[in-house]
Amino acid sequence: MTASKTYRTVPLPPAGSVIGDDPAAVFESMLTVYSPDGARCREIVAPVDTRSYRSIIPAEILRELGIEPVIESRFNYRDGSILKLPVAPARVALPGKAGHSIVAFGNDPQQTVIGGLTLVELALAADPKNKRFVPGELTL
């Protein structure tokens with residue numbers, strides 16, 4: 001398979017970025033997480049927060065779908081605390097786009113966050129004013 005160049009007059013926003021004046025803007029969106037075989041899924045309404053690196057999904061939901069941790073990663077919260085959480089690849093979908101993302105197993109069953117890296121992995125940018133995702137451009 002060969003790569004081809006596409007030239008446009010209007011560039012796409014960088015994948016994982018936020019369109020508008022507030023780079024910390026947050027809005028809610030539907031997130032669908034699939035079992036590894038694709039036979040089952042869970043739909044979750046979660047805040048989009050591009051300041052968060054990884055998406056966090058409650059561990060009980062991931063395990064219910066048959067997704068098991070692969071490694072443990074260290075996360076630094078904005079309040080300065082550090083937490084180690086298991087992570088694993090998962091098939092996820094946001095409105096208009098599906099793909100794979102590395103997600104963190106959250107300890108709190110009420111805490112779900114769609115992080116910036118999931119947007120990058122799905123080549124999307126956040127448009128909080130219109131509460132939607134738009135195609136984003138990846139950098140090689």
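Let's start with one residue: I56 stands opposite A104 in β6. Keep in mind that this is a predicted model. The pair belongs to a stretch where strand β3, residues 55-58, and strand β6, residues 97-106, run parallel. Four bridges join these two strands.

Now look at the other partner of β6. Strand β5 covers residues 82-94, and it runs antiparallel to β6. Eight bridges hold that pairing, and one place to find it is A88, which stands opposite V103 in β6. Follow the chain from β5 to β6 and you'll go round a hairpin with two residues between the strands. In that hairpin, G96 takes a positive phi near 95 degrees.

Next, hop over to strand β1, which spans residues 26-34 and includes T32. Is T32 buried or exposed? Its relative accessible area is 8%, and buried means under 20%, so T32 counts as buried. Which residues does T32 touch, leaving aside neighbours within four places in sequence? The contacts are C41, R42, E43, R91, V92 and A93.

Finally, let's turn to empty space. Rolling a probe the size of a water molecule over the atoms shows where such space is left. The largest pocket here has a volume of about 300 Å³. It is lined by 16 residues, and the closest to its centre are S52, Y53, I56, Y77 and R78. So there's I56 again, the residue that stands opposite A104. Strands β2 (41-49) and β4 (71-76) each supply at least two residues of the lining. By type, the lining residues divide into nine nonpolar, three polar and four charged.

Technical notes:
Residues numbered from 1 in each chain as written. Predicted model: local features only at pLDDT ≥ 70, side-chain atom pairs only at ≥ 80, totals over all residues. Heavy atoms only, no water. 1 Å grid on protein atoms, 1.4 Å probe; cavity = no way out; pocket = protein on both sides within 12 Å on 5 of 7 lines; lining within 4 Å. Points joined across faces, edges and corners; volume = space filled by probe spheres on them. Nonpolar A, V, L, I, M, F, W, Y, C, P; charged D, E, K, R; others polar. Pairing = 2+ DSSP bridges. Buried < 20%, exposed > 50% of the residue type's maximum accessible area, 1.4 Å probe, protein only. Contact = heavy atoms within 4.5 Å.
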